[in-house]
Amino acid sequence: MKSAELSHGAERRTVSRAPSRAPTQPYMNPYLAGVGIGSVLLLAFVVMGRGLGASGGFSVAVAAGMSAIAPEHAANSSPYAGYLVDGAAQPLRDWIVIELIGVMLGGFISAVAAGRFRRAIDRGPRATDRSRLIYAFSGGAVMGLGAKFARGCTSGQALTGGAMLSLGSWLFIIAAFAAGYAAAPLFRKQWT
Amino acid sequence: MNTPLFEYGFLSHNAGLIAALVIGLGFGFFLERGGLGNATKLAGQFYLKDLTVLKVLFTAILTAMLGLYWLGRFGVVDLTRVYQLPTFVLPQLAGGLIFGVGFVMGGLCPGTSCVSMSSGRMDGLALVGGMLFGVLVFNEIFPVVSIFYNSTAIGEVTIPQLIGVPHGLAVFAIVIAALGSFVLAERLERSPR
């Protein structure tokens, strides 16, 4: 009885939604998507001898930006200079940038193919567009700091190091989820 | 024993960059397919409403971990040539704690923010901007935090090495733990709220 009511409610919501231009496909089964990502990660191990990454690409972008604005400061400061070496000498620096461009393209292709590409702001029902953008920027800044201290993010540490059973990566996974759940009540209004 | 291909010199610099593009394409594609370009879906993880993050992350870890383990056992991949991340205990714990707060605040992680942005979402773009700003702040305060950043360096330690069990046993234990978490996740999602 209860489940019948629930499915009826879900049906009504679907009908009342404004018609979109392109038919939107439902998301892939999460376990299947996980197998897909895991297979890509395995391919990276076999082909390149290293895994996936995301925050490293941001580090390269910031170093390149600083080098363009204040080349002396960038050359004399190790967190920038480390990412400004010659590409031929340090091929993995170029590798992570190209990989991250690939991530954006892959996401774009999938979104367009599924009818999900649209200019929008994903936010909780009680959040405003403005608050969502402020929290997104702030959260990004906090994550940027955290990823630098941890030497990687959900891609480079959690996924890659997790699959390689790296101790530091598993410490990162546990700490990140623990902090996320602990801080969740503070941001409840943004998401629920 | 002649993979990783790049490590054994079978790939030129440019071929490596093409591989990077293909691997990135696949990663971004499956992230978007699984719904991980959507911040509300990711944030649902922290309110136990939508456990997609846990399911995708742990299935991906299991797939790559088991694949690498068996390819290593059959001698296809030379595991000594796969880059093992070094562990820095305190910076990685602290970094994880900071990262987790930012994750629930922003609803996307660095990789998924790129997918969100490239599927047209303005919040994804804002988060990408925030990430760049956070990295800039870290770089500028680096002289102050560099001692902490380089502290408690214990090298390339893995979980089986730490507790002194065979690699295969640790792999098995993680498979069991992940399967348990999937059962729990399905129950939590189905439970009425």
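This report walks through a predicted model with two chains, A and B, starting with each chain and then turning to how they meet.

## Chain A on its own

Let's begin with chain A. Its secondary structure comes to 10 helices and zero strands, so reading from the N terminus you simply get α-α-α-α-α-α-α-α-α-α. Chain A has 192 residues, and 52% of them count as buried. Take the contacts in chain A with a separation of 6 or more: residues 24 or more positions apart account for 52% of them.

Chain A is also divided into two domains, with domain 1 covering 29-119 and domain 2 covering 123-192. Their C-alpha centres lie 18 Å apart. Where the two domains touch, eight residues come from domain 1 of chain A and nine from domain 2 of chain A. On the domain 1 side, the largest share comes from helix α3 (residues 55-69) of chain A, which gives three residues. That side of domain 1 divides into four nonpolar, four polar and no charged residues.

## Chain B on its own

Chain B mixes things up a little, with eight helices and two strands. From the N terminus on, its elements run α-α-α-β-α-α-α-β-α-α. The C-alpha trace of chain B spans about 50 × 45 × 35 Å along its principal axes.

Of the 193 residues in chain B, 51% count as buried. As for its contacts with a separation of 6 or more, 61% are between residues 24 or more positions apart.

## A helix pair inside chain B

Here's one pair to look for in the structure: α3(B) and helix α8 (residues 167-190) of chain B. Their axes come within 10 Å and cross at roughly 160°. An angle over 145 degrees counts as roughly antiparallel, and that is why α3(B) and α8(B) are described that way. Their crossing is left-handed.

From α3(B), the residues making this contact are Leu54(B), Lys55(B), Phe58(B), Leu62(B), Met65(B), Leu66(B) and Tyr69(B). From α8(B), they include Val171(B), Ile174(B), Val175(B), Ala178(B) and Phe182(B). Sorted by type, the residues of the contact come to 12 nonpolar, two polar and one charged.

## Where the two chains meet

Now for the meeting of the chains: 106 residues of chain B are in contact with 108 residues of chain A. On the chain B side, the elements giving two or more residues are α1 (13-33), α2 (39-43), α3 (52-73), β1 (87-88), α4 (89-106), α5 (110-118), α6 (122-149) and α7 (159-163). The residues of that side divide into 65 nonpolar, 34 polar and seven charged.

## A helix pair across the chains

We met α3(B) above, and it also pairs with a helix of the other chain. The axes of helix α2 (residues 30-48) of chain A and α3(B) come within 7 Å and cross at roughly 40°. That makes α2(A) and α3(B) oblique to each other, and their crossing is right-handed.

Among the α2(A) residues in this contact are Pro30(A), Tyr31(A), Ile37(A), Leu41(A), Leu42(A) and Phe45(A). On the other side, α3(B) brings residues including Thr52(B), Lys55(B), Val56(B), Ile61(B), Leu62(B), Leu68(B) and Leu71(B). The residues of this contact divide into 16 nonpolar, seven polar and one charged. Look out for Lys55(B) and Leu62(B), which appear in the contact with α8(B) and in the contact with α2(A) as well.

Note on methods: Residues numbered from 1 in each chain as written. Chains lettered and ligands numbered in written order. Predicted model: local features only at pLDDT ≥ 70, side-chain atom pairs only at ≥ 80, totals over all residues. Contact = placed C-beta atoms within 7 Å. Helix = DSSP H or I, 4+ residues; strand = E, 2+ residues; numbered from the N terminus. Nonpolar A, V, L, I, M, F, W, Y, C, P; charged D, E, K, R; others polar. Axes fitted to C-alpha atoms, helices over the stretch in contact; angles between N-to-C directions. Parallel < 35°, antiparallel > 145°, perpendicular 65-115°, else oblique. Left-handed = near helix turned anticlockwise from the far one by under 90°. Domains from an automatic or database assignment. Buried ≥ 20, exposed ≤ 12 C-beta atoms within 10 Å, placed from the backbone.
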